[in-house]
Amino acid sequence: MPAPGPYIAGAAGPERRAVRQFMLVHLLKSKIHRAQVTAGDVNYEGSLGIARDLMDKVGLLPYERILCGNTANGERFETYAIPAEPGSGQIILNGATARLGKPGDRLTIMSFAEVDSAKAKSWKPQVIVLGEKNAIVSERGI
């Protein structure tokens, strides 16, 4: 007996075949792990400034929505990424996010994508781990 599920309407016997379901799943797209906050500016409009070379390395786009976790105080916040000077190692808390951390705190910066469930099985996020002066110490999926 065939498994229950969606089928071609009106088909019977051998013509009755399953129709593939299209489904999107939310997966990690980009991650910058252990990014050290270098500055904060509560008077700036908002966002998180990230050295442009670090953004490029993980495929993070300017103005892309990001989720951040501060390992120093447990705060989690959502904002958007803006490019800072390439090669500077800058990670700048701007606007209200400047109240959620201070220079020296380590952040995990994440962005997500909606991916077709068929492609999700082989999906690999782009991840970098940072060390001193926000230099890349390891990477995967790049």
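Let's start with one residue: Asp56 is partly exposed, as its relative accessible area is 45%. The model it belongs to is predicted, and its secondary structure comprises 2 helices and 9 strands. Read from the N terminus, the elements follow the pattern β-β-β-α-β-β-β-β-α-β-β. Here is a short tour, beginning with the salt bridges and ending at strand 9.

**Salt bridges**

- Asp56 pairs with Arg52 in a salt bridge, with their closest N and O atoms 2.9 Å apart.
- Both of these residues, Asp56 and Arg52, sit in helix 1, and their spacing of 4 residues is about one turn of the helix.
- Arg52 is partly exposed too, because its relative accessible area of 29% falls between the limits of 20% and 50%.
- The whole structure holds 5 salt bridges, and another of them joins the side chains of Glu64 and Lys29 at 3.0 Å, N to O.
- That pair ties together distant parts of the chain: Lys29 belongs to strand 1, Glu64 to the loop between helix 1 and strand 4, and 35 residues separate them.
- Are Glu64 and Lys29 buried or exposed? Both are buried.
- Lys102 and Asp105 also meet through their side chains in a salt bridge, at 3.3 Å from N to O.
- Asp105 counts as buried because its relative accessible area is 6%, and the cut-off is under 20%.
- As background, side chains of opposite charge can pair when their charged atoms come close.

**The sheet**

- An open sheet of 9 strands runs in the order 2-6-3-5-4-7-1-8-9, and its pairing is mixed.
- At its edges lie strand 2 (39-41) and strand 9, each paired on one side only.
- From one strand to the next, the twist averages 30°.
- At the strand 2 edge, 3 bridges pair strand 2 with strand 6 (residues 91-94) in the parallel sense, and Ala39 has Ile92 of strand 6 as its bridge partner.
- Strand 1 and strand 8 run parallel and are joined by 4 bridges, with Val129 in strand 8 as the bridge partner of His33.

**Strand 8, strand 9 and their hairpin**

- Why is strand 8 largely enclosed by the rest of the structure? The reason is burial: 4 of its 5 residues are buried.
- Strand 8 pairs with strand 9 in the antiparallel sense over 4 bridges, and Leu130 stands opposite Ile136.
- The two strands, 8 and 9, form a hairpin with 5 residues between them, and Lys133 in the turn has a positive phi of about 55°.
- Val137 lies in strand 9 (residues 136-140) and is exposed, with a relative accessible area of 57%.
- Leaving aside residues up to four places away in sequence, Val137 touches Val129, Leu130 and Gly131.

**Core and overall packing**

- The largest nonpolar core has 21 residues, and those with the most contacts inside it include Ile32, Leu48, Ile50 and Ile109.
- Among the elements giving two or more residues to this core are strand 1 (24-36), strand 3 (47-51), helix 1 (52-58) and strand 7 (106-116).
- Leu48 touches residues including Ile66, Cys68, Ile82, Ile91, Leu93 and Ile109, again not counting residues up to four places away in sequence.
- In soluble globular proteins, nonpolar side chains tend to be buried together.
- Of the 142 residues in the protein, 37% are buried.
- The protein exposes about 8,600 Å², of which carbon and sulfur atoms supply 54%.
- Of the contacts between residues at least 6 apart in sequence, 72% join residues at least 24 apart.

Terms used: Residues numbered from 1 in each chain as written. Predicted model: local features only at pLDDT ≥ 70, side-chain atom pairs only at ≥ 80, totals over all residues. Heavy atoms only, no water. Buried < 20%, exposed > 50% of the residue type's maximum accessible area, 1.4 Å probe, protein only. Contact = heavy atoms within 4.5 Å. Pairing = 2+ DSSP bridges. Axes fitted to C-alpha atoms, helices over the stretch in contact; angles between N-to-C directions. Core = buried A, V, L, I, M, F, W, Y, C linked by side-chain atoms within 4.5 Å. Areas by Shrake-Rupley, 256 points an atom, 1.4 Å probe, with all protein chains shown as cover. Salt bridge = Lys/Arg side-chain N within 4 Å of Asp/Glu carboxyl O.
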